[in-house]
Amino acid sequence: MSSSALVTSNLTGSMHLLAQGKVRDLYEINNSTLLFVTTDRISAFDVVIGSAIPAKGSVLCLLSVHWFGVLSQAIPSLRTHFLTLELPPQVPSDLYDRYYNRCMQVRKFEIFKIEAIVRGYVTGSAWSSYKKDGTVCGIKIQEGLQESEPFPDGPIYTPSTKAVSPGDHDENIHPDQAATIVGVRYAKRIEELSLSLYNCAAAYALERGIIIADTKFEFGLDKDTDEVVLVDEVLTPDSSRFWPASSYRIGESPPSFDKQHLRDWLTSNNLKGQENVLLPEHIVRITEAKYKEAYERLVGRTLEEDTASATK
């Protein structure tokens, strides 16, 4: 494992660690502000891999911030939880270089207990479900579609439950079921906003040679204003399926800018679902390169250019 990779944050002497996910460590700065620390951990098939991917945390963090800006410009009424990339004063000065560019300060909101998934193309689990009974998450889809074909009536909204405890899994649900979890009014707003965000992002990405096949958003509630707020990471290779437009073909499963090489290696070596698997160096490097390529295409600059300019 590369010594440059950040596997676990160590800021508990400065701030309270609220939660630790598969990739992110979440600290409380004060009553209204949180610090998202994006590590270089990587997961596949719902388990954390034993090897980290150098620079992955910076890709996820800085790409999310880029998208917050793009989407806020396209949808002026959009609210996000992002505040700044600057580190809070609680972070010791000798750790500044280690944590800068992989952390963001965000507003604290109550998080809706659903994941807002938008699918533009019939692929992955949607393709498996469609082949079985002609539906995706209980939604009847037009007959005769091929793998990776766009949904004929436009992108579809297919929320899922949020796994709460370790070992739990997200469960795909029909949009009507989301209303029973978050309430009818909020469910409708989340659905409308998710589709608007996807459409804006898909058009932006396509101009840069990337197809967003599907993606996942998360939202919170500002109780003071009763507004739905975009939170968490957004439109990264971890939360989205990115395809190179140049190699897209209907009827095929295109290569993607994410951890597909890692998943394929785990599957071919009968390691799918096993925890703490150590990856061979070439899989680490391929995965790192794919994440960086996605960043460069979408942002228009290399990750190295952005991290170097930010620390000058």
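The second largest pocket in this structure, which is a predicted model, has a volume of about 280 Å³. Its lining is made up of 14 residues, and S4, A55, S58, R102 and T307 are the ones nearest the centre. Two elements give two or more residues to that lining: α2 (96–99) and α8 (303–311). Helix α8 supplies the largest share, 4 residues. If you sort the lining of this pocket by class, you get 4 nonpolar, 5 polar and 5 charged residues.

**Salt bridges**

Let's turn to the charged side chains. Side chains of opposite charge can pair when their charged atoms come close. Searching the whole structure turns up 21 salt bridges. Here are three that are worth finding in your viewer.

| Salt bridge | N to O distance | Accessibility of the partners |
|---|---|---|
| K56 and D238 | 2.8 Å | K56: 1%, buried |
| R285 and E281 | 2.7 Å | R285: 36%, partly exposed; E281: 44%, partly exposed |
| D306 and R301 | 2.5 Å | D306: 12%, buried; R301: 38%, partly exposed |

How far apart in the chain are K56 and D238? They are 182 residues apart, so this pair links distant parts of the chain. K56 belongs to helix α1 (residues 56–74), while D238 sits in the loop between β15 (227–231) and β16 (240–244). K56 counts as buried because its relative accessibility is 1%, and buried here means under 20%.

The pair R285 and E281 is a local one: both residues lie in helix α7, 4 residues apart, which is about one turn of the helix. An α-helix has 3.6 residues a turn, so residues three or four places apart point the same way. These two side chains also belong to a wider arrangement, a network of salt bridges that links E281, R285, E288, K292 and E304.

In the pair of D306 and R301, the closest N and O atoms are 2.5 Å apart. D306 is the buried partner, at 12% relative accessibility, whereas R301 is partly exposed at 38%.

**Two helices with a buried side**

Helix α6 (residues 260–268) has three residues to look for, since L262, W265 and L266 are its buried ones. Why do they end up on the same side of α6? They cover an arc of only 100 degrees around the axis, and that places them on the same side of the helix. Among the elements covering these buried residues are β4 (43–44) and α7 (281–299). Just after α6 comes N270, with a positive phi of about 55 degrees.

Helix α3 (residues 125–133) can be read in a similar way. Its buried residues are A126, W127 and Y130. Looking down the axis of α3, you will find them within an arc of 95 degrees, so they line one face of the helix. Their cover includes β9 (114–119) and β10 (135–136). After α3 comes G134, whose phi is positive, near 75 degrees.

**Positive phi away from glycine**

Most residues other than glycine have a negative phi, and most peptide bonds are trans. Two loop residues are worth a look against that background. D46 is not a glycine, yet its phi is positive, about 70 degrees. You can find D46 in the loop between β4 and β5 (47–48). D46 counts as partly exposed because its relative accessibility is 47%.

The other residue is C137, also not a glycine, with a positive phi of about 55 degrees. C137 is found in the loop between β10 and β11 (139–140). Is C137 buried or exposed? With a relative accessible area of 15%, C137 is buried.

**A stop at E191**

One last residue to visit is E191, in helix α5 (residues 184–206). E191 counts as partly exposed, at 23% relative accessibility. Which residues does E191 touch, leaving aside those up to four places away in sequence? The contacts are with Y157 and P175. Between E191 and V118 there are 8.9 Å in space, C-alpha to C-alpha, although the two are 73 residues apart in sequence.

Conventions: Residues numbered from 1 in each chain as written. Predicted model: local features only at pLDDT ≥ 70, side-chain atom pairs only at ≥ 80, totals over all residues. Heavy atoms only, no water. 1 Å grid on protein atoms, 1.4 Å probe; cavity = no way out; pocket = protein on both sides within 12 Å on 5 of 7 lines; lining within 4 Å. Points joined across faces, edges and corners; volume = space filled by probe spheres on them. Nonpolar A, V, L, I, M, F, W, Y, C, P; charged D, E, K, R; others polar. Buried < 20%, exposed > 50% of the residue type's maximum accessible area, 1.4 Å probe, protein only. Arc of directions from axis to C-beta. Contact = heavy atoms within 4.5 Å. Salt bridge = Lys/Arg side-chain N within 4 Å of Asp/Glu carboxyl O.
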